[in-house]
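The following account leads the reader through the strands of one protein chain and then into its interior. Please keep the sequence and the model in view while reading.

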Amino acid sequence: MTRRAKLMEGGNPLLYKLTDQTGCTRGPTQWGENVTHVAQGTGKLCGPGWIHAYTSPFVAVLLNPIHANIETPRLWTATGVVGKTDYGRKVGCTELTT
């Protein structure tokens, strides 16, 4: 994980979640202030068993065109329980709170 992800808030790393302007991601999954979602933590990182987040706001914006390709993204700070990582680019969480 990057240095930024190692910053701890309440025992969980500080992460970043991209949504569209209405706070939605694929599925659709609705996000907002103090919203928590949970996942099983199974399968591949890019599968439905994980909630995706980024370890840096810069990485989130940089990788958006090749990951979610959200036209006008909204960036949320979040904390989560990280169970899988893509070498610090993206993480998979079993629980994520924006």
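A convenient point of entry is the hairpin formed by β7 and β8, in which five residues lie between the two strands. Within that turn, Y87 has a positive phi of about 55°. The model is a predicted one, and the values discussed here are computed from it.

The two strands of the hairpin run antiparallel and are joined by six bridges. One position may serve to fix the register: V82 has C93, in β8, as its bridge partner.

Strand β7, which covers residues 74-85, also pairs with β2, residues 12-19. Here too the strands run antiparallel, with six bridges joining them. Along this pairing, L14 is found opposite T79 of β7.

From the strands, the description may now turn to the interior. Which residues make up the largest nonpolar core? This core has eight residues: L15, W31, I51, A53, A78, V91, C93 and L96. Two elements, β6 (51-53) and β8 (91-97), each give two or more residues to the core. Of these, β8 provides the largest share, namely three residues.

L15 merits particular attention as a member of this core. Leaving aside residues up to four places away in sequence, L15 touches A53, Y54, T55, W76, T77, A78, G80, V82, V91, C93 and L96. Apart from the largest core lies another, composed of seven residues, including L14, L18, Y54 and L63. Thus L14, which stands opposite T79, belongs to this other core, whereas L15 belongs to the largest one.

Terms used: Residues are numbered from 1 along each chain as its sequence is written. This is a predicted model: local features need pLDDT of at least 70, side-chain atom pairs count only at pLDDT 80 or more; totals for chains, interfaces and linings use all residues. Side-chain values use heavy atoms; hydrogens and water are left out. A nonpolar core is a set of buried Ala, Val, Leu, Ile, Met, Phe, Trp, Tyr and Cys residues joined through side-chain atoms within 4.5 Å. Buried means under 20% relative accessible area, exposed over 50%, partly exposed in between (1.4 Å probe, protein chains only). Helices (H or I, at least four residues) and strands (E, at least two) are DSSP runs, numbered from the N terminus. Contact means heavy atoms within 4.5 Å. Two strands pair if DSSP finds at least two bridges between them.
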